[in-house]
Amino acid sequence: MRDVTSILPLHVDGVCFAAAGRNLVDAASFSVPPGGLTVLLGPNGAGKSLMLRLCHGLLRPSAGAVRWASGAGGRAKRHAMVFQKPIMLRRSVEANIAHALAAAGHSGPERRSRGREALARFGLSDRATQAARLLSGGEQQRLAIARAWALRPELLFLDEPTSQLDPAATRQIEELLAGLVAEGITVMMSTHDLGQARRLADRVLFLHRGRLIEDAPAESFFAGPRAAEARAFLAGELIW
Ligand SMILES: Nc1ncnc2c1ncn2[C@@H]1O[C@H](COP(=O)(O)OP(=O)(O)O)[C@@H](O)[C@H]1O
Ligand SMILES: [Mg+2]
């Protein structure tokens, strides 16, 4: 049974991440309510990956805090993350999913039933026994999403999930993500791809040089962002 208490909204409160004497993420504050797809947009080096890792708990803020509405900790976390380059174990497709479920503390029967369900949901059933590392890039990313989905996250983080993929595979992943949102999963993903942000975002967080400089509904952001840096980014000007 699913817990009735939601871990959302997620509150990011004055979060900084310092390295080499510099704030690579500089006092970012925002919230993620349940539902919809938030795009973390910005040029290379803006701090998007760092921000996602801070939110997911892979990095500790040097100042500020990441807070969840109710206990998101513990072994079976209710937020999951998909990385830019899929990390596949040198095992079969189904074993990759089973391993993630085992790490989250699920029993053998639960691993098998959730595993089968995830493979079917993401069209990977006929690949179950294949070596995960022999899948195409697009299929590996699909498996990475299936593996995250099997954990039944309320919030799914994805870091530039299509940056290594060709246009056809990109389109497939985008459709898949829209499906997850329709299913009620809250999605927060980074991209530097404006077209993708336009196609997917309900809301845009625009990041520049580690600072969150705009937080707006996608419609108004693309109609005309308030921040000069965001306008320059939309115009295709280099702003780094
Ligand atoms: N652990 C780290 N130590 C020092 N600098 C880092 C570290 N991680 C990232 N950076 C730097 O922080 C900046 C933001 O990185 P990143 O979050 O990867 O940007 P983005 O994902 O938006 O391209 C970059 O200048 C990067 O080189
Ligand atoms: Mg990045």
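Start by selecting Pro9, which lies in the segment before β1 (10-19). The model on screen is predicted. Show the backbone at Pro9 together with the residue before it: the peptide bond that joins Leu8 and Pro9 is cis, with omega about 0°. Most peptide bonds are trans, and most residues other than glycine have a negative phi. The next two stops concern phi.

Select Ala27, in strand β2 (residues 22-32). Ala27 is not a glycine, yet its phi is positive, about 55°. Is Ala27 buried, partly exposed or exposed? Its relative accessibility is 46%, so Ala27 counts as partly exposed, since that class lies between the 20% limit for buried and the 50% limit for exposed.

Go on to Arg209, in the loop between β8 (203-208) and β9 (211-217). Here too a residue other than glycine has a positive phi, near 50°. Arg209 has a relative accessible area of 47% and is therefore partly exposed.

Now turn to a pair of helices. Select helix α2 (residues 93-103) and helix α3 (residues 108-121) and look at how they pack: the axes are 9 Å apart and the angle is about 130°. That angle makes α2 oblique to α3, because it falls outside the ranges for roughly perpendicular (65 to 115 degrees) and roughly antiparallel (over 145). The crossing of α2 past α3 is right-handed.

Which residues of the two helices meet? Show side chains on both. From α2, select Val93, Glu94, Ile97, Ala98, Leu101 and Ala102. Their partners in α3 are Arg111, Arg114, Gly115, Ala118 and Leu119. The residues of this contact comprise seven nonpolar, three charged and one polar.

The last stop is Gln196, in helix α6 (residues 194-200). Switch on a surface around Gln196: with a relative accessibility of 2%, this residue counts as buried, because the limit for buried is under 20%. What does Gln196 touch, leaving out residues up to four places away in sequence? Select Thr162, Thr170, Glu174, Met189, Thr191 and Ala201 to see these neighbours. One of them, Thr162, also has a polar contact of 3.0 Å with Gln196, from side chain to side chain.

To go back over the tour, return to the cis bond between Leu8 and Pro9, then to the positive phi of Ala27 and of Arg209. After these come the contact of α2 with α3 and the buried Gln196.

Methods:
Residues numbered from 1 in each chain as written. Chains lettered and ligands numbered in written order. Predicted model: local features only at pLDDT ≥ 70, side-chain atom pairs only at ≥ 80, totals over all residues. Heavy atoms only, no water. Helix = DSSP H or I, 4+ residues; strand = E, 2+ residues; numbered from the N terminus. Buried < 20%, exposed > 50% of the residue type's maximum accessible area, 1.4 Å probe, protein only. Polar contact = N/O pair within 3.5 Å; in protein donor to acceptor, adjacent residues only side chain to side chain. Contact = heavy atoms within 4.5 Å. Axes fitted to C-alpha atoms, helices over the stretch in contact; angles between N-to-C directions. Parallel < 35°, antiparallel > 145°, perpendicular 65-115°, else oblique. Left-handed = near helix turned anticlockwise from the far one by under 90°. Nonpolar A, V, L, I, M, F, W, Y, C, P; charged D, E, K, R; others polar.
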